[in-house]
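What does one open sheet look like when it is followed strand by strand, and which residues line the pockets of the same chain? The paragraphs below take the second largest pocket as their starting point and work outward from there.

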Amino acid sequence: MKPIKFHLLKAGHCAHPECVAMRGGRWASLRFPALCGVIEHPQRGVILFDTGYSSHFFDATQPFPERAYRWVTPPTLAPGESLVAQLARRGIAADAVRHVIISHYHGDHVAGLKDFPAARFWSTRADFDALRRRTRLGNLFHGCLPALLPADFMTRLDFADQAKRMALPREFHPFDSGFDLLGDASVAGVPLPGHSDGQMGLAFCRADGRHVFLVADACWTREALDQHRLPTWIASRLFDSQRDYATTFSRLRQLAAGTTEVAIVPSHCEQTWEDWQ
Ligand SMILES: [Zn+2]
């Protein structure tokens with residue numbers, strides 16, 4: 001894999017009782033950061049993996065029934081904490097972002113899409129088709145807010161599953177292949193079905209040689225993965241397939257047990273975020 005420059009950023013967070021997110025958890029509220037990946041590619045410019053929360057999330061959840069989304073997972077976004085604002089402080093203009101890779105369409109992952117007018121989008125066909133097929137209430141029940149998509153979204157969307165398959169380095173075993181999204185074997189979209197039908201993670205090699213696997217919501221915390229604690233029945237109701245979730249989860253456990261050479265990054269793991277900084 002071609003090494004690339006990578007940063008992990010946090011665009012807001014939400015709160016959730018631990019006992020819902022993880023079997024055997026406490027009643028105490030857990031902080032769920034909304035983590036996003038920023039890749040600086042020498043030829044392809046700036047590439048994002050998810051966008052976290054943004055002001056658009058609050059607009060989209062203003063009306064009923066979408067407002068219920070805020071009650072179930074109360075979000076916090078500090079001033080200047082949106083991804084577009086953080087990138088601007090790093091000298092990266094919104095229109096310098098050329099690609100946004102969407103792990104899945106839940107509101108806390110796509111709320112910033114409208115902030116990047118020059119980006120092309122990548123997602124799996126399965127997740128996009130599901131979003132289009134569902135009713136307004138069906139989407140809300142699945143954590144999706146179609147109002148977060150830019151008006152010209154369809155003309156800027158590419159399906160990851162149509163990209164050529166590429167082999168992953170042995171470090172990622174048992175994940176052996178992915179979608180060669182940029183056509184240069186620098187980043188691989190890796191199917192992680194279950195949380196959503198077509199959820200996609202991202203595997204790549206950082207400039208310092210470290211392998212990184214952004215696994216979105218395939219597990220919510222490293223602790224849950226290491227201690228083999230699946231989400232509770234109530235949280236699993238939101239998943240597209242509990243069986244696929246369990247299979248993906250156990251493959252991730254196999255990866256974690258077999259190597260320390262891959263940094264596994266769940267989108268909402270506070271410990272991962274603290275360690276990363
Ligand atoms: Zn999420």
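In this predicted model, the second largest pocket is lined by Arg206, Arg210, Arg222, Ala263, Ile264, Val265, Gln271, Thr272, Asp275 and Trp276. Its volume comes to about 180 Å³. Two elements, strand E13 and helix H11 (270-276), each contribute at least two residues to this lining, and H11 gives the most, with 4 residues. Sorted by class, the lining holds 4 nonpolar, 2 polar and 4 charged residues.

Strand E13, which helps to line that pocket, also leads into the sheet. The sheet is open and has 6 strands, arranged in the order E8-E9-E10-E11-E12-E13 with mixed pairing. Strand E8 (165-167) and strand E13 (262-266) each have a single partner strand and stand at the edges, so one side of each is left without a neighbour in the sheet. From one strand to the next, the twist averages 35 degrees.

Further inside the strand order, strand E10 (residues 187-191) pairs with strand E11 (residues 200-205) in the antiparallel sense, and 5 bridges join the two. Within this pairing, Gly189 has Leu202 in E11 as its bridge partner. A helix also belongs to this picture, since H10 (residues 242-258) packs on the sheet and touches both strand E12 (211-216) and E13. The direction of H10 makes about 145 degrees with that of E13. Strand E13 is thus an edge strand, a contact of helix H10 and a contributor to the lining of the second largest pocket.

The remaining part of the picture is the largest pocket. Rolling a probe the size of a water molecule over the atoms shows where empty space is left. The largest pocket has a volume of about 570 Å³, and 23 residues line it, of which His16, Tyr69, Val72, Thr73 and Leu238 lie nearest its centre. The elements that give two or more residues to this lining are strand E1 (5-17), helix H3 (68-72), helix H7 (136-141) and helix H9 (233-236). Of these, H3 provides the largest share, 3 residues. By class, the lining of the largest pocket divides into 13 nonpolar, 7 polar and 3 charged residues, whereas the lining of the second largest pocket has 4 nonpolar, 2 polar and 4 charged residues.

Methods:
Residues are numbered from 1 along each chain as its sequence is written. This is a predicted model: local features need pLDDT of at least 70, side-chain atom pairs count only at pLDDT 80 or more; totals for chains, interfaces and linings use all residues. Side-chain values use heavy atoms; hydrogens and water are left out. Two strands pair if DSSP finds at least two bridges between them. Axes are lines fitted to C-alpha atoms, for helices over the stretch in contact, and angles run from 0 to 180 degrees between N-to-C directions. Contact means heavy atoms within 4.5 Å. On a 1 Å grid over the protein atoms alone, a cavity is a set of points where a 1.4 Å probe fits but cannot get out, and a pocket is an open set with protein on both sides within 12 Å along at least five of seven lines; lining residues have an atom within 4 Å of a point. Grid points are joined across faces, edges and corners, and a volume is the space filled by probe spheres set on the points. Ala, Val, Leu, Ile, Met, Phe, Trp, Tyr, Cys and Pro count as nonpolar, Asp, Glu, Lys and Arg as charged, and the others, Gly among them, as polar.
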